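Here are some short exercises to help you find your way around a new structure. Try each task yourself before you read the solution.

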Amino acid sequence: MSDSVTAFAPASIGNVAVGFDMLGLAMANVGDRVFARRTDTPGVTLAEVRGIDGELHPYLSANVEENTASIAAQALWEVYGTEGGVELKVYKGVPLQSGMGSSAASAVAGVVAVNALLKKPLATELLLPYALEGEKYASGGVHADNVAPSLLGGMIFCPRVLLPETIRLAVPDGVSSVLVHPDLQINTAHARKSLARGVAMQQWLSQQGYMGAFITACAASDLSMISKSLKDVVIEPQRKAAVSCFDAVKEAAEKSGALGFSLSGSGPSLFALCETSKAGNLATAMEQACRGQGIQCESWVSPMDAPGAHLVD
Ligand code: HSE
């Protein structure tokens with residue numbers, strides 16, 4: 001058993017348009033890292049939180065009770081920890097309030113790192129409830145559509161009524177996700193409070209149809225049906241006005257061959273699915289459209305079967 005480890009947990013696309021709070025997709029090459037080491041001090045302590053530039057993070061608290069990585073790690077340690085404790089260092093790679101599952105990535109990296117230091121580490125899927133404790137603190141609700149794909153990788157179906165069980169969904173061959181992060185911030189907890197409390201029967205029927213068709217089409221690699229079904233008629237209409245470049249980026253994505261387009265989580269990030277051969281051009285077109293609206297941005301392209309959290313050197 002080693003005395004220290006570092007875990008990486010990827011960013012993720014929440015909702016994936018069709019499945020509000022119950023469908024999530026892991027991203028590749030962008031995520032948070034948590035370093036954990038055994039200490040003689042009992043319990044979980046948080047030494048520091050740094051950004052990708054290596055500097056101390058200007059906004060995130062290093063209070064153990066206020067960081068999703070340490071909150072989630074504490075939840076796990078309280079049940080399975082033994083003598084002594086663990087000290088964490090968090091390295092944020094996911095932009096804050098970006099709709100890319102930033103708080104979930106920290107929470108997942110926190111539990112994966114601490115799990116590796118336990119005498120008998122749990123199977124990865126059993127870590128979900130502990131990681132969710134961190135997400136609950138950040139967003140004020142229990143939704144696993146960022147935590148589950150960040151932990152497990154790929155595309156995960158995780159409706160609240162079935163938690164802690166989740167379902168790994170088949171992803172279509174040759175399809176990638178493209179995510180553009182406009183340089184804006186949206187607080188998920190606030191965005192969730194602003195949503196309408198009810199849904200009209202017609203909206204509910206439409207959204208059920210889209211979600212079922214999308215999941216089935218992904219398993220069959222049916223790109224035509226993915227294109228018809230990757231839609232959100234319930235949540236996106238309520239949220240898109242908060243992202244001023246939404247319409248311009250959507251138009252650019254559609255002109256460049258997107259199979260579908262929507263907000264990532266509560267935004268401001270915007271994502272599209274497309275044939276992998278078109279992903280580079282699509283990312284460029286979406287970025288240009290965003291900058292055309294006077295908003296700086298960055299983008300990432302990911303396979304739909306991006307890996308979940310893991311230990312790194
Ligand atoms: N499902 C959540 C929401 C994800 O849309 O509020 C937050 O990133």
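The exercises below deal with a predicted model, and each is followed by a worked solution.

**Exercise 1. Cysteines and disulfides**

Find how many disulfides a search of the whole structure gives, then work out why C245 is not bonded to C290.

*Solution.*
- Step 1: The search covers the whole structure and finds zero disulfides.
- Step 2: Take C158, which is in no disulfide; the nearest cysteine sulfur belongs to C218 and is 15 Å away.
- Step 3: Next, go to C245, where the closest cysteine sulfur is that of C290, at 3.8 Å. A disulfide needs the two sulfur atoms within 2.5 Å, so the distance of 3.8 Å between the sulfurs of C245 and C290 is too far for a bond.
- Step 4: Check the surroundings as well. C158 has 0% relative accessibility and therefore counts as buried. C245 is also at 0%, so C245 counts as buried.

**Exercise 2. A residue in a loop**

Decide whether N15 is buried or exposed, and list which residues N15 touches beyond its sequence neighbours.

*Solution.*
- Step 1: Locate N15 in the loop between β1 (4-14) and β2 (23-39).
- Step 2: Compare its accessibility with the cut-off: buried means under 20% relative accessible area. N15 has 7% relative accessibility, so N15 counts as buried.
- Step 3: Leave out residues up to four places away in sequence; N15 then touches F20, D21, L23, D145, R239 and G265.

**Exercise 3. A residue in a strand**

Describe where M155 sits and what surrounds M155.

*Solution.*
- Step 1: M155 belongs to strand β5, which covers residues 155-157.
- Step 2: The relative accessibility of M155 is 0%, so M155 counts as buried.
- Step 3: Compare sequence with space for one partner. M155 and A170 are 15 residues apart in sequence, while their C-alpha atoms are 7.3 Å apart.
- Step 4: With residues up to four places away in sequence left out, the residues M155 touches include L23, G24 and L25, as well as I167, R168, L169, A170 and V171. F214, C218 and M304 are also among them.

**Exercise 4. Two helix pairs**

For the pair α1 and α3, and then for the pair α9 and α10, work out which term describes the packing angle and which residues make the contact.

*Solution.*
- Step 1: Helix α1 (residues 68-80) packs against helix α3 (residues 128-139) at an angle of about 140°, and their axes are 7 Å apart. Angles over 145 degrees count as roughly antiparallel; the angle here makes α1 oblique to α3.
- Step 2: This crossing of α1 and α3 is right-handed.
- Step 3: On the α1 side, the contact is made by T68, I71, A72, A75, L76, V79 and Y80, and on the α3 side by Y130, A131, E133, G134, Y137 and A138. Sorted by class, the contact of α1 with α3 has 10 nonpolar, two polar and one charged residues.
- Step 4: Move on to helix α9 (residues 246-255) and helix α10 (residues 279-292), which pack at about 155° with axes 8 Å apart. That angle makes α9 roughly antiparallel to α10.
- Step 5: The crossing of α9 and α10 is right-handed.
- Step 6: A248, V249, A252 and A253 of α9 meet L282, A285, M286, A289 and C290 of α10. The contact of α9 with α10 consists of nine nonpolar residues, with no polar and no charged ones.

**Exercise 5. Backbone surprises**

Find where the peptide bonds from L163 to P164 and from G267 to P268 are placed, then look at phi in N29 and Q97.

*Solution.*
- Step 1: Recall the background: most peptide bonds are trans, and most residues other than glycine have a negative phi.
- Step 2: The bond from L163 to P164 is cis, with omega near 10°, and P164 is in the loop between β5 and β6 (167-169).
- Step 3: The bond from G267 to P268 is cis too, with omega near 10°. P268 is in the loop between β8 (260-263) and β9 (270-275).
- Step 4: N29 is not a glycine, yet its phi is positive, near 70°. N29 lies in strand β2 and is exposed, with a relative accessible area of 70%.
- Step 5: Q97, also not a glycine, has a positive phi of about 50°. Q97 is in the loop between β4 (85-91) and α2 (102-117), and at 32% relative accessibility Q97 counts as partly exposed.

Terms used:
Residues numbered from 1 in each chain as written. Predicted model: local features only at pLDDT ≥ 70, side-chain atom pairs only at ≥ 80, totals over all residues. Heavy atoms only, no water. Buried < 20%, exposed > 50% of the residue type's maximum accessible area, 1.4 Å probe, protein only. Helix = DSSP H or I, 4+ residues; strand = E, 2+ residues; numbered from the N terminus. Contact = heavy atoms within 4.5 Å. Axes fitted to C-alpha atoms, helices over the stretch in contact; angles between N-to-C directions. Parallel < 35°, antiparallel > 145°, perpendicular 65-115°, else oblique. Left-handed = near helix turned anticlockwise from the far one by under 90°. Nonpolar A, V, L, I, M, F, W, Y, C, P; charged D, E, K, R; others polar.
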